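The following note is offered to a colleague who wishes to review this structure before further computation. Its points are numbered so that each may be taken up separately.

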Amino acid sequence: MTEYAYPLRAGDLMVERYRLIDRIGVGGMAVIWRARDETLDRLVALKVLDPRLSGDERLRELARREAWAVARLNHPDVAGVHDFVRTSTPDGQEIAVIVLQLVAGEPLADRIALGALPWREAVRVGLRIAAVLEVAHRRGVVHRDITPDNVMVHGEQVTVLDFGIAARVGEPDDDSTGASFGTPAYVAPERLDGMPAEPATDVYALGVVLYEMLTGRPPFRVRGWDDVAADHGPVVPPDVPGLPRTVAAVVTSSLRREPATRPTAAEVARVLRAVPARSPRRLLTAAGALAGVAVLGTLAWSLSTRESPPGQGAGTPPASTPGFGTQPGSATPSGAAPTSAAASPSAGGSRPTPGPSAPAGPSTGPSPVPVLTVKQAQDAALRTVDDAARDGKVRVDVATDLRNTVNNLVRARPTGAGLAEQTQAVHLKIDQRVGEGTLAYEVGERLHDDVAALARALAA
(Lines give C-alpha, C1' and ligand atoms only; values in the text may rest on other atoms or scores of the structure.)
Protein backbone atom coordinates (compact mmCIF):
# COMPACT_ATOMS: atom_id res chain seq x y z
CA MET A 1 0.00 0.00 0.00
CA THR A 2 1.31 3.49 -0.80
CA GLU A 3 1.72 6.22 1.79
CA TYR A 4 -1.34 7.76 3.40
CA ALA A 5 -2.72 11.02 2.07
CA TYR A 6 -2.26 12.12 5.68
CA PRO A 7 0.98 10.41 6.72
CA LEU A 8 1.31 9.10 10.26
CA ARG A 9 4.73 9.35 11.86
CA ALA A 10 6.48 7.83 14.85
CA GLY A 11 5.86 10.09 17.81
CA ASP A 12 2.36 11.16 16.72
CA LEU A 13 -0.31 11.06 19.45
CA MET A 14 -3.55 9.41 18.35
CA VAL A 15 -6.87 10.30 19.99
CA GLU A 16 -4.94 12.10 22.74
CA ARG A 17 -3.79 8.82 24.21
CA TYR A 18 -1.77 6.49 21.94
CA ARG A 19 1.81 7.47 21.06
CA LEU A 20 2.97 5.83 17.81
CA ILE A 21 6.30 3.98 18.05
CA ASP A 22 6.85 2.15 14.75
CA ARG A 23 4.95 0.56 11.90
CA ILE A 24 4.74 -3.23 12.22
CA GLY A 25 2.33 -4.24 9.46
CA VAL A 26 0.77 -3.00 6.22
CA GLY A 27 -2.40 -4.39 4.66
CA GLY A 28 -4.64 -3.52 1.76
CA MET A 29 -6.81 -1.19 3.81
CA ALA A 30 -4.91 -0.40 6.98
CA VAL A 31 -1.55 0.08 8.65
CA ILE A 32 -0.70 -1.48 12.02
CA TRP A 33 1.43 0.51 14.46
CA ARG A 34 3.09 -0.39 17.71
CA ALA A 35 2.06 2.30 20.17
CA ARG A 36 2.14 3.15 23.85
CA ASP A 37 -1.09 3.72 25.73
CA GLU A 38 -0.05 6.74 27.77
CA THR A 39 -3.09 6.49 30.02
CA LEU A 40 -2.47 2.89 31.18
CA ASP A 41 1.28 2.78 30.37
CA ARG A 42 1.20 -0.33 28.19
CA LEU A 43 2.14 -1.30 24.65
CA VAL A 44 -0.71 -1.86 22.18
CA ALA A 45 -1.24 -2.38 18.47
CA LEU A 46 -3.15 0.29 16.54
CA LYS A 47 -4.84 -0.74 13.31
CA VAL A 48 -5.55 2.46 11.39
CA LEU A 49 -7.83 2.48 8.34
CA ASP A 50 -6.38 4.35 5.38
CA PRO A 51 -7.93 7.87 5.47
CA ARG A 52 -8.37 7.71 1.69
CA LEU A 53 -11.00 5.04 2.30
CA SER A 54 -12.83 7.13 4.88
CA GLY A 55 -15.50 8.04 2.37
CA ASP A 56 -16.48 4.39 1.98
CA GLU A 57 -18.92 3.70 4.80
CA ARG A 58 -18.86 -0.03 4.05
CA LEU A 59 -15.12 -0.18 4.71
CA ARG A 60 -15.48 1.83 7.90
CA GLU A 61 -18.15 -0.68 8.91
CA LEU A 62 -15.69 -3.52 8.29
CA ALA A 63 -13.34 -1.91 10.81
CA ARG A 64 -16.11 -1.63 13.36
CA ARG A 65 -17.14 -5.24 12.76
CA GLU A 66 -13.58 -6.42 13.34
CA ALA A 67 -13.72 -4.86 16.79
CA TRP A 68 -17.16 -6.43 17.31
CA ALA A 69 -15.99 -9.90 16.27
CA VAL A 70 -12.89 -9.93 18.50
CA ALA A 71 -14.79 -8.54 21.48
CA ARG A 72 -17.48 -11.18 20.99
CA LEU A 73 -14.95 -14.00 21.21
CA ASN A 74 -12.87 -12.96 24.22
CA HIS A 75 -10.65 -16.00 23.58
CA PRO A 76 -7.11 -16.50 24.92
CA ASP A 77 -5.85 -17.42 21.43
CA VAL A 78 -7.28 -14.28 19.80
CA ALA A 79 -5.57 -10.89 20.07
CA GLY A 80 -7.94 -8.96 22.34
CA VAL A 81 -9.53 -5.66 21.36
CA HIS A 82 -9.18 -2.74 23.78
CA ASP A 83 -11.09 -0.04 21.93
CA PHE A 84 -12.59 1.15 18.65
CA VAL A 85 -12.65 4.87 17.88
CA ARG A 86 -13.32 7.18 14.99
CA THR A 87 -11.33 10.37 14.88
CA SER A 88 -10.35 13.06 12.40
CA THR A 89 -7.01 14.16 10.98
CA PRO A 90 -6.04 17.86 11.12
CA ASP A 91 -7.32 18.30 7.57
CA GLY A 92 -10.72 16.83 8.47
CA GLN A 93 -10.37 13.28 7.12
CA GLU A 94 -12.18 10.71 9.24
CA ILE A 95 -10.20 7.62 10.22
CA ALA A 96 -11.17 4.46 12.08
CA VAL A 97 -8.78 3.07 14.69
CA ILE A 98 -8.88 -0.34 16.37
CA VAL A 99 -6.78 -0.68 19.52
CA LEU A 100 -5.62 -4.28 19.92
CA GLN A 101 -3.51 -6.38 22.23
CA LEU A 102 0.12 -6.39 21.03
CA VAL A 103 1.07 -10.02 20.33
CA ALA A 104 4.63 -11.38 20.42
CA GLY A 105 5.89 -14.05 18.07
CA GLU A 106 6.42 -14.68 14.37
CA PRO A 107 3.87 -15.26 11.61
CA LEU A 108 3.17 -18.91 10.86
CA ALA A 109 3.94 -18.02 7.22
CA ASP A 110 7.58 -17.42 8.16
CA ARG A 111 7.78 -20.88 9.74
CA ILE A 112 6.24 -22.55 6.67
CA ALA A 113 8.63 -20.65 4.38
CA LEU A 114 11.47 -22.66 5.95
CA GLY A 115 9.76 -25.95 5.07
CA ALA A 116 7.18 -28.33 6.48
CA LEU A 117 6.71 -28.35 10.24
CA PRO A 118 7.19 -31.56 12.24
CA TRP A 119 3.77 -33.16 11.99
CA ARG A 120 3.11 -33.10 15.74
CA GLU A 121 3.81 -29.37 15.81
CA ALA A 122 1.52 -28.87 12.80
CA VAL A 123 -1.22 -30.76 14.63
CA ARG A 124 -0.69 -28.67 17.79
CA VAL A 125 -0.89 -25.37 15.89
CA GLY A 126 -3.83 -26.58 13.80
CA LEU A 127 -5.70 -27.62 16.93
CA ARG A 128 -5.34 -24.15 18.44
CA ILE A 129 -6.67 -22.54 15.24
CA ALA A 130 -9.54 -25.03 15.02
CA ALA A 131 -10.46 -24.38 18.66
CA VAL A 132 -10.67 -20.62 17.98
CA LEU A 133 -12.88 -21.23 14.95
CA GLU A 134 -15.08 -23.62 16.93
CA VAL A 135 -15.82 -20.87 19.46
CA ALA A 136 -16.17 -18.20 16.77
CA HIS A 137 -18.69 -20.25 14.79
CA ARG A 138 -20.63 -21.12 17.93
CA ARG A 139 -20.93 -17.39 18.62
CA GLY A 140 -22.02 -16.55 15.10
CA VAL A 141 -18.72 -15.21 13.70
CA VAL A 142 -17.03 -16.30 10.46
CA HIS A 143 -13.38 -15.15 10.21
CA ARG A 144 -13.11 -15.43 6.38
CA ASP A 145 -9.35 -14.74 6.29
CA ILE A 146 -7.55 -17.67 7.95
CA THR A 147 -4.03 -17.66 6.47
CA PRO A 148 -0.52 -18.36 7.82
CA ASP A 149 0.08 -14.59 7.85
CA ASN A 150 -2.82 -14.17 10.27
CA VAL A 151 -1.54 -16.71 12.79
CA MET A 152 1.25 -15.80 15.22
CA VAL A 153 3.37 -18.47 16.90
CA HIS A 154 5.34 -17.75 20.06
CA GLY A 155 6.65 -20.87 21.79
CA GLU A 156 3.58 -22.88 22.75
CA GLN A 157 1.31 -19.85 22.23
CA VAL A 158 -0.71 -19.59 19.01
CA THR A 159 -2.71 -16.42 18.30
CA VAL A 160 -5.26 -15.87 15.52
CA LEU A 161 -5.20 -12.32 14.16
CA ASP A 162 -7.07 -10.06 11.77
CA PHE A 163 -10.84 -10.35 11.90
CA GLY A 164 -10.91 -7.45 9.43
CA ILE A 165 -13.33 -9.11 7.01
CA ALA A 166 -15.23 -11.19 9.57
CA ALA A 167 -18.97 -11.54 9.09
CA ARG A 168 -21.97 -12.84 10.95
CA VAL A 169 -23.05 -16.38 10.12
CA GLY A 170 -25.65 -16.20 7.35
CA GLU A 171 -24.85 -12.62 6.41
CA PRO A 172 -25.26 -11.96 2.65
CA ASP A 173 -22.01 -11.55 0.71
CA ASP A 174 -22.71 -8.39 -1.25
CA ASP A 175 -19.09 -7.43 -1.91
CA SER A 176 -18.87 -6.44 -5.56
CA THR A 177 -15.32 -5.05 -5.26
CA GLY A 178 -13.65 -8.13 -3.78
CA ALA A 179 -12.21 -6.06 -0.92
CA SER A 180 -13.39 -8.60 1.64
CA PHE A 181 -12.43 -11.73 -0.28
CA GLY A 182 -9.09 -12.37 1.42
CA THR A 183 -6.12 -14.23 -0.11
CA PRO A 184 -7.02 -16.40 -3.15
CA ALA A 185 -5.13 -19.54 -2.09
CA TYR A 186 -7.21 -19.76 1.12
CA VAL A 187 -10.60 -18.68 -0.26
CA ALA A 188 -13.22 -21.41 -0.53
CA PRO A 189 -14.73 -21.68 -4.04
CA GLU A 190 -18.29 -21.01 -2.87
CA ARG A 191 -17.35 -17.45 -1.94
CA LEU A 192 -17.12 -16.63 -5.64
CA ASP A 193 -20.78 -17.67 -5.96
CA GLY A 194 -21.88 -15.00 -3.48
CA MET A 195 -22.94 -17.52 -0.83
CA PRO A 196 -23.87 -16.11 2.60
CA ALA A 197 -21.12 -16.23 5.21
CA GLU A 198 -20.86 -19.76 6.57
CA PRO A 199 -18.43 -21.55 8.90
CA ALA A 200 -17.47 -24.06 6.19
CA THR A 201 -15.42 -21.37 4.42
CA ASP A 202 -13.18 -21.08 7.50
CA VAL A 203 -12.79 -24.85 7.63
CA TYR A 204 -11.61 -24.85 4.01
CA ALA A 205 -8.96 -22.22 4.80
CA LEU A 206 -7.93 -24.20 7.89
CA GLY A 207 -7.52 -27.27 5.66
CA VAL A 208 -5.19 -25.31 3.36
CA VAL A 209 -3.12 -24.10 6.33
CA LEU A 210 -2.91 -27.60 7.81
CA TYR A 211 -1.83 -29.04 4.46
CA GLU A 212 0.86 -26.36 4.10
CA MET A 213 2.20 -26.96 7.60
CA LEU A 214 2.40 -30.71 6.97
CA THR A 215 3.93 -30.62 3.48
CA GLY A 216 5.48 -27.16 3.07
CA ARG A 217 3.27 -26.44 0.06
CA PRO A 218 -0.41 -25.62 -0.59
CA PRO A 219 -2.75 -28.41 -1.78
CA PHE A 220 -3.63 -26.61 -5.03
CA ARG A 221 -1.85 -24.21 -7.35
CA VAL A 222 -3.85 -21.00 -6.92
CA ARG A 223 -2.42 -17.84 -8.44
CA GLY A 224 -5.59 -15.81 -8.85
CA TRP A 225 -9.38 -15.85 -8.71
CA ASP A 226 -9.71 -17.98 -11.86
CA ASP A 227 -7.79 -20.73 -10.06
CA VAL A 228 -10.14 -20.46 -7.05
CA ALA A 229 -13.11 -21.13 -9.34
CA ALA A 230 -11.44 -24.11 -11.03
CA ASP A 231 -12.23 -27.65 -9.93
CA HIS A 232 -8.87 -29.13 -8.89
CA GLY A 233 -10.26 -32.62 -8.40
CA PRO A 234 -9.68 -34.90 -5.41
CA VAL A 235 -7.04 -33.79 -2.91
CA VAL A 236 -3.89 -35.87 -2.71
CA PRO A 237 -3.65 -36.72 1.01
CA PRO A 238 -0.53 -35.37 2.75
CA ASP A 239 2.15 -38.05 2.64
CA VAL A 240 3.99 -37.58 5.94
CA PRO A 241 5.75 -40.47 7.71
CA GLY A 242 4.02 -41.32 10.99
CA LEU A 243 1.05 -38.99 10.42
CA PRO A 244 -2.14 -40.63 11.77
CA ARG A 245 -4.58 -41.52 9.03
CA THR A 246 -7.33 -39.71 10.92
CA VAL A 247 -5.40 -36.44 10.57
CA ALA A 248 -4.77 -36.98 6.85
CA ALA A 249 -8.48 -37.74 6.41
CA VAL A 250 -9.70 -34.64 8.23
CA VAL A 251 -7.32 -32.41 6.25
CA THR A 252 -8.50 -33.74 2.89
CA SER A 253 -12.18 -33.65 3.91
CA SER A 254 -11.78 -30.01 4.97
CA LEU A 255 -10.74 -29.22 1.38
CA ARG A 256 -13.82 -30.67 -0.29
CA ARG A 257 -15.37 -28.42 -2.90
CA GLU A 258 -18.91 -28.75 -1.52
CA PRO A 259 -19.15 -26.86 1.80
CA ALA A 260 -21.89 -29.09 3.24
CA THR A 261 -19.59 -32.12 3.04
CA ARG A 262 -16.74 -30.57 5.03
CA PRO A 263 -16.36 -31.27 8.76
CA THR A 264 -17.09 -28.54 11.27
CA ALA A 265 -14.29 -26.78 13.11
CA ALA A 266 -15.38 -28.68 16.23
CA GLU A 267 -14.96 -31.99 14.39
CA VAL A 268 -11.51 -31.00 13.14
CA ALA A 269 -10.52 -30.00 16.67
CA ARG A 270 -11.80 -33.30 18.04
CA VAL A 271 -9.66 -35.32 15.62
CA LEU A 272 -6.52 -33.26 16.26
CA ARG A 273 -7.07 -33.32 20.02
CA ALA A 274 -7.06 -37.13 19.97
CA VAL A 275 -3.49 -37.25 18.66
CA PRO A 276 -0.93 -37.99 21.45
CA ALA A 277 1.30 -34.99 22.16
CA ARG A 278 4.43 -37.15 22.24
CA SER A 279 5.57 -40.16 20.27
CA PRO A 280 5.43 -43.64 21.86
CA ARG A 281 9.27 -43.85 21.62
CA ARG A 282 9.66 -40.72 23.75
CA LEU A 283 7.14 -42.00 26.26
CA LEU A 284 9.19 -45.19 26.61
CA THR A 285 12.45 -43.27 27.15
CA ALA A 286 10.86 -40.95 29.72
CA ALA A 287 9.36 -43.78 31.72
CA GLY A 288 12.65 -45.61 32.26
CA ALA A 289 13.32 -49.20 33.18
CA LEU A 290 11.30 -49.07 36.42
CA ALA A 291 8.04 -48.85 34.48
CA GLY A 292 9.26 -50.88 31.52
CA VAL A 293 6.45 -53.43 31.47
CA ALA A 294 3.69 -50.82 31.71
CA VAL A 295 5.31 -48.59 29.12
CA LEU A 296 5.81 -51.45 26.68
CA GLY A 297 2.09 -52.09 26.91
CA THR A 298 1.44 -48.43 26.20
CA LEU A 299 3.92 -48.52 23.35
CA ALA A 300 2.18 -51.47 21.72
CA TRP A 301 -1.17 -49.68 22.00
CA SER A 302 0.22 -46.40 20.68
CA LEU A 303 1.94 -47.99 17.73
CA SER A 304 -1.28 -49.66 16.68
CA THR A 305 -3.31 -46.47 17.00
CA ARG A 306 -0.70 -44.42 15.14
CA GLU A 307 -1.70 -46.32 12.04
CA SER A 308 -5.37 -46.51 12.99
CA PRO A 309 -8.06 -44.12 14.20
CA PRO A 310 -8.35 -43.68 17.99
CA GLY A 311 -10.46 -46.39 19.59
CA GLN A 312 -9.33 -49.09 17.14
CA GLY A 313 -7.05 -51.88 18.29
CA ALA A 314 -4.57 -53.87 16.29
CA GLY A 315 -6.24 -56.28 13.91
CA THR A 316 -9.59 -54.51 14.19
CA PRO A 317 -11.17 -53.32 10.95
CA PRO A 318 -11.02 -49.49 10.66
CA ALA A 319 -13.73 -47.73 12.63
CA SER A 320 -15.09 -44.72 10.81
CA THR A 321 -14.65 -41.17 12.00
CA PRO A 322 -18.01 -39.37 11.89
CA GLY A 323 -18.10 -36.70 9.24
CA PHE A 324 -14.75 -37.47 7.63
CA GLY A 325 -15.11 -39.50 4.46
CA THR A 326 -13.26 -38.74 1.26
CA GLN A 327 -14.11 -37.20 -2.02
CA PRO A 328 -15.01 -39.65 -4.76
CA GLY A 329 -11.86 -41.16 -6.18
CA SER A 330 -9.70 -40.36 -3.16
CA ALA A 331 -7.52 -43.09 -1.69
CA THR A 332 -8.08 -41.91 1.85
CA PRO A 333 -10.30 -44.26 3.92
CA SER A 334 -13.85 -43.02 3.95
CA GLY A 335 -15.68 -42.12 7.11
CA ALA A 336 -19.30 -41.64 8.01
CA ALA A 337 -21.97 -40.16 5.87
CA PRO A 338 -21.90 -36.35 5.54
CA THR A 339 -23.68 -34.30 8.16
CA SER A 340 -27.34 -33.81 7.29
CA ALA A 341 -28.34 -30.65 5.46
CA ALA A 342 -30.34 -29.45 8.43
CA ALA A 343 -27.19 -29.40 10.52
CA SER A 344 -24.90 -27.84 7.90
CA PRO A 345 -23.87 -24.17 7.56
CA SER A 346 -25.82 -23.90 4.35
CA ALA A 347 -28.98 -24.41 6.36
CA GLY A 348 -28.64 -20.87 7.64
CA GLY A 349 -26.33 -21.13 10.63
CA SER A 350 -23.41 -22.80 12.28
CA ARG A 351 -23.63 -26.56 12.33
CA PRO A 352 -24.27 -27.88 15.82
CA THR A 353 -21.35 -29.57 17.53
CA PRO A 354 -21.74 -33.35 17.17
CA GLY A 355 -23.07 -35.18 20.17
CA PRO A 356 -21.73 -38.39 21.68
CA SER A 357 -21.04 -41.05 19.10
CA ALA A 358 -21.57 -44.78 19.40
CA PRO A 359 -18.81 -46.81 21.02
CA ALA A 360 -16.08 -47.83 18.62
CA GLY A 361 -16.12 -51.44 17.57
CA PRO A 362 -15.55 -53.74 14.64
CA SER A 363 -17.02 -52.32 11.50
CA THR A 364 -16.90 -53.11 7.83
CA GLY A 365 -18.40 -49.84 6.66
CA PRO A 366 -19.31 -46.30 7.64
CA SER A 367 -20.92 -45.78 11.04
CA PRO A 368 -22.99 -42.59 11.03
CA VAL A 369 -23.48 -40.55 14.19
CA PRO A 370 -26.55 -42.03 15.91
CA VAL A 371 -29.60 -39.77 16.14
CA LEU A 372 -31.47 -40.00 19.43
CA THR A 373 -35.16 -39.39 19.75
CA VAL A 374 -36.11 -35.90 20.89
CA LYS A 375 -37.12 -37.28 24.30
CA GLN A 376 -33.83 -39.13 24.73
CA ALA A 377 -31.79 -36.06 23.76
CA GLN A 378 -33.89 -33.80 26.00
CA ASP A 379 -33.49 -36.17 28.97
CA ALA A 380 -29.71 -36.36 28.41
CA ALA A 381 -29.36 -32.56 28.49
CA LEU A 382 -31.54 -32.24 31.61
CA ARG A 383 -29.57 -35.03 33.28
CA THR A 384 -26.33 -33.15 32.62
CA VAL A 385 -27.77 -30.05 34.31
CA ASP A 386 -29.17 -32.05 37.25
CA ASP A 387 -25.86 -33.85 37.82
CA ALA A 388 -24.00 -30.54 37.74
CA ALA A 389 -26.45 -29.02 40.24
CA ARG A 390 -26.00 -32.00 42.56
CA ASP A 391 -22.19 -31.65 42.36
CA GLY A 392 -22.23 -27.88 42.86
CA LYS A 393 -20.88 -27.21 39.35
CA VAL A 394 -23.66 -24.83 38.35
CA ARG A 395 -25.35 -22.01 40.24
CA VAL A 396 -28.90 -22.88 41.28
CA ASP A 397 -30.62 -20.13 39.28
CA VAL A 398 -28.47 -20.90 36.24
CA ALA A 399 -29.43 -24.57 36.43
CA THR A 400 -33.12 -23.56 36.40
CA ASP A 401 -32.54 -21.25 33.43
CA LEU A 402 -30.72 -23.98 31.48
CA ARG A 403 -33.49 -26.52 32.14
CA ASN A 404 -36.08 -24.01 30.91
CA THR A 405 -33.97 -23.25 27.84
CA VAL A 406 -33.78 -26.93 26.88
CA ASN A 407 -37.49 -27.51 27.50
CA ASN A 408 -38.45 -24.37 25.56
CA LEU A 409 -36.41 -25.52 22.57
CA VAL A 410 -38.28 -28.84 22.57
CA ARG A 411 -41.68 -27.15 22.92
CA ALA A 412 -40.94 -24.75 20.04
CA ARG A 413 -39.94 -27.61 17.69
CA PRO A 414 -38.22 -25.22 15.24
CA THR A 415 -37.08 -26.40 11.82
CA GLY A 416 -34.60 -25.31 9.15
CA ALA A 417 -33.07 -21.87 9.68
CA GLY A 418 -35.17 -21.37 12.81
CA LEU A 419 -33.66 -24.47 14.38
CA ALA A 420 -30.13 -23.33 13.51
CA GLU A 421 -30.78 -19.87 14.96
CA GLN A 422 -32.32 -21.11 18.22
CA THR A 423 -29.63 -23.76 18.68
CA GLN A 424 -26.98 -21.10 18.15
CA ALA A 425 -28.61 -19.02 20.89
CA VAL A 426 -28.47 -21.95 23.33
CA HIS A 427 -24.78 -22.54 22.57
CA LEU A 428 -24.10 -18.85 23.16
CA LYS A 429 -25.95 -18.91 26.49
CA ILE A 430 -23.84 -21.88 27.63
CA ASP A 431 -20.64 -20.04 26.68
CA GLN A 432 -21.81 -16.95 28.56
CA ARG A 433 -22.52 -18.96 31.70
CA VAL A 434 -19.10 -20.62 31.53
CA GLY A 435 -17.46 -17.25 30.92
CA GLU A 436 -19.08 -15.66 33.96
CA GLY A 437 -18.08 -18.60 36.16
CA THR A 438 -21.59 -19.82 37.04
CA LEU A 439 -21.21 -23.06 35.06
CA ALA A 440 -18.18 -25.36 35.17
CA TYR A 441 -16.24 -25.58 31.91
CA GLU A 442 -16.48 -29.38 31.61
CA VAL A 443 -20.23 -29.25 32.19
CA GLY A 444 -20.52 -26.59 29.49
CA GLU A 445 -18.69 -28.86 27.04
CA ARG A 446 -21.04 -31.77 27.82
CA LEU A 447 -24.04 -29.49 27.41
CA HIS A 448 -22.78 -28.33 24.00
CA ASP A 449 -22.72 -31.98 22.91
CA ASP A 450 -26.19 -32.58 24.40
CA VAL A 451 -27.66 -29.55 22.63
CA ALA A 452 -26.07 -30.63 19.33
CA ALA A 453 -27.64 -34.09 19.76
CA LEU A 454 -31.00 -32.46 20.54
CA ALA A 455 -30.72 -30.32 17.39
CA ARG A 456 -30.08 -33.45 15.31
CA ALA A 457 -33.09 -35.13 16.89
CA LEU A 458 -35.32 -32.14 16.13
CA ALA A 459 -34.05 -32.04 12.55
CA ALA A 460 -34.60 -35.76 11.95
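1. A definition is required at the outset: two strands are taken to pair if DSSP finds at least two bridges between them. In that sense, Ser 88 stands opposite Glu 94 in strand E6. The model under discussion is a predicted one, and the remarks below should be read accordingly.

2. Overall composition. The chain contains 13 helices and eleven strands. Of its 460 residues, 50% are buried. When contacts between residues at least 6 apart in sequence are considered, 65% of them join residues at least 24 apart. The exposed area of the chain is about 20,800 Å², of which carbon and sulfur atoms supply 53%.

3. The six-stranded sheet. Six strands form an open sheet in the order E1-E2-E3-E4-E6-E5, and their pairing is antiparallel. Strand E1 (13-14) and E5 are the edge strands, each pairing on one side only. Within this sheet, strand E2 (residues 18-26) and strand E3 (residues 30-37) run antiparallel and are joined by seven bridges. Arg 23 is found opposite Trp 33 in E3.

4. Strand E6 and its partners. On one side, E6 pairs with E4 in the antiparallel sense over five bridges; Leu 100 in E6 is the bridge partner of Ala 45. Strand E5 (residues 81-88) also pairs with E6 in the antiparallel sense, over seven bridges. Is strand E6 (residues 94-101) largely enclosed or exposed, and how many of its eight residues are buried? Six of the eight are buried, so strand E6 is largely enclosed by the rest of the structure. As a general matter, side chains in a regular strand alternate between the two faces of the sheet.

5. The annotated lysine. The UniProt annotation "binding site", taken from an unreviewed entry, covers Lys 47. This residue lies in strand E4 (residues 42-49). Is Lys 47 buried or exposed? Its relative accessible area is 12%, and the limit for a buried residue is under 20%, so Lys 47 counts as buried. With neighbours within four places in sequence left aside, the residues in contact with Lys 47 include Ala 30, Val 31 and Ile 32, together with Glu 66. Ala 96, Val 97, Ile 98 and Leu 100 are also among its contacts, as are Asp 162 and Gly 164.

6. The three-stranded sheet. A second open sheet to be considered has three strands in the order E7-E9-E10, again with antiparallel pairing. Its edge strands, each pairing on one side only, are strand E7 (106-107) and strand E10 (157-160). Strand E9 (residues 151-154) pairs with E10 in the antiparallel sense over four bridges, and Met 152 stands opposite Thr 159 in E10. Helix H3 (residues 119-138) packs on this sheet and touches E9 and E10. The direction of H3 makes about 40 degrees with that of E10.

7. Helix H4. What span should the 17 residues of helix H4 (residues 199-215) have at 1.5 Å a residue? The expected value is 24 Å, and the end C-alpha atoms are 25 Å apart, which agrees. As for its surroundings, 17 of the 17 residues of H4 are buried, so the helix is largely enclosed by the rest of the structure. Just after H4, Gly 216 takes a positive phi of about 85 degrees.

8. Positive phi outside glycine. Two residues deserve a check of their backbone angles. Arg 144, although not a glycine, has a positive phi of about 75 degrees. It lies in the loop between strand E8 (141-142) and E9, and at 12% relative accessibility it counts as buried. Arg 413, also a residue other than glycine, has a positive phi near 45 degrees. Its place is the loop between helix H11 (396-412) and H12. With a relative accessible area of 49%, Arg 413 is partly exposed.

9. Helix H12. Ala 420 is situated in helix H12 (residues 416-435). It is buried, its relative accessible area being 10%. Ala 420 and Ala 459 are 39 residues apart along the chain, and their C-alpha atoms are separated by 9.6 Å.

How values were computed
Residues numbered from 1 in each chain as written. Predicted model: local features only at pLDDT ≥ 70, side-chain atom pairs only at ≥ 80, totals over all residues. Heavy atoms only, no water. Helix = DSSP H or I, 4+ residues; strand = E, 2+ residues; numbered from the N terminus. Expected span 1.5 Å × (residues − 1). Buried < 20%, exposed > 50% of the residue type's maximum accessible area, 1.4 Å probe, protein only. Contact = heavy atoms within 4.5 Å. Axes fitted to C-alpha atoms, helices over the stretch in contact; angles between N-to-C directions. UniProt positions renumbered as here; feature names shortened; annotations may be inferred. Areas by Shrake-Rupley, 256 points an atom, 1.4 Å probe, with all protein chains shown as cover.
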